[in-house]
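Okay, everyone, thanks for coming. Let me put the chain up on the screen and talk you through a few spots that caught my eye.

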Amino acid sequence: MTGRKHEPRRLLTVQEAAKLLHVSDDTVRRQIKEGALEAVRVRTTPTGRAQYRIPTAAIDRVLGNTALQLQEEADPFEPLRQAFAHLSDEEREDLIDQAVQWARERRPVEQVKRAPALSEEVLRERFAGNSLLEALRKDGQDEH
């Protein structure tokens with residue numbers, strides 16, 4: 001026997017594989033049935049649907065990666081924290097202020113196109129036969 005330590009292969013559910021491949025669950029199942037994606041059938045549900053587990057190595061091959069790095073528990077902000085670790089609080093605040101100002105300067109300014117205002121004459125023509133408007137006018141006149 002060799003002295004190699006046995007490391008269990010990481011197996012993914014259909015949903016996990018679909019998420020990594022950016023496809024639907026049905027696409028992963030279809031790829032499994034077509035033989036394009038290696039999988040192990042673990043059981044059949046009472047409703048007759050097959051349940052599979054997909055080795056990470058199969059996902060690696062599909063993605064063309066040499067190693068799939070699942071960082072489910074990893075903190076995505078850790079590299080940023082390390083980069084900021086040597087700065088003082090004042091330096092951090094200055095850097096954040098500079099970043100905010102840089103982003104504001106590059107934010108596209110949206111020009112809102114507005115239709116020209118309608119004249120009172122046009123409004124009267126448009127709403128001449130509106131019974132609700134007529135009722136409001138009468139109520140307004142009755143109060144005076």
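So, Arg30: with a relative accessibility of 43%, this one counts as partly exposed. By that I mean between the two cut-offs, where buried is under 20% relative accessible area and exposed is over 50%, with a 1.4 Å probe and protein chains only. The side chain of Arg30 meets that of Glu34 in a salt bridge, 3.9 Å from N to O. For us a salt bridge is a side-chain nitrogen of Lys or Arg within 4 Å of a carboxyl oxygen of Asp or Glu. Glu34 is exposed, at 58% relative accessible area. The two are about one helical turn from each other, because they sit four residues apart in helix α2.

Quick word on where this comes from: it's a predicted model, with pLDDT of at least 70 needed for local features and 80 or more for side-chain atom pairs, while totals for chains, interfaces and linings use all residues. Residues are numbered from 1 along each chain as its sequence is written, and side-chain values use heavy atoms, with hydrogens and water left out.

Back to salt bridges; there are five in the structure. Another one joins Arg61 and Glu38, with the closest N and O atoms 2.5 Å apart. Arg61 belongs to helix α3 and Glu38 to the loop between α2 and β2, so this pair ties together parts 23 residues apart in sequence. Arg61 is exposed at 53%, and Glu38 is partly exposed at 36%. Then there's Asp89 with Arg92, at 3.4 Å between the closest N and O atoms. Those two are three residues apart in helix α5, residues 89–106, so again about one helical turn separates them.

Now, the overall layout. The chain has seven helices and three strands, in the order β-α-α-β-β-α-α-α-α-α from the N terminus. These are DSSP runs numbered from the N terminus: helices are H or I with at least four residues, strands are E with at least two. Of the 144 residues, 14% are buried.

What about the inside: which residues of the largest nonpolar core touch the most other members? Out of 13, they're Val28, Ile32, Leu37, Ile54 and Ile59. A nonpolar core here is a set of buried Ala, Val, Leu, Ile, Met, Phe, Trp, Tyr and Cys residues joined through side-chain atoms within 4.5 Å. At least two core residues come from each of α1 (14–21), α2 (25–34), β3 (50–55) and α3 (56–63), and α1 gives the largest share, with four. If you look at Val28 and skip neighbours within four places in sequence, its contacts (heavy atoms within 4.5 Å) include Ala17, Leu21, Leu37 and Ile54.

In α3, the buried residues are Thr56, Ala58, Ile59 and Asp60, and they pack against β1 (11–12), α1 and β3. Right after α3 comes Gly64, with a positive phi near 80°.

As for the strands, β2 (residues 40–44) and β3 run antiparallel, joined by four bridges; strands pair if DSSP finds at least two bridges between them. Arg41 stands opposite Tyr52 in β3. The two strands make a hairpin with five residues in between, and Gly48 in that turn has a positive phi of about 95°.

That's my tour; over to you.
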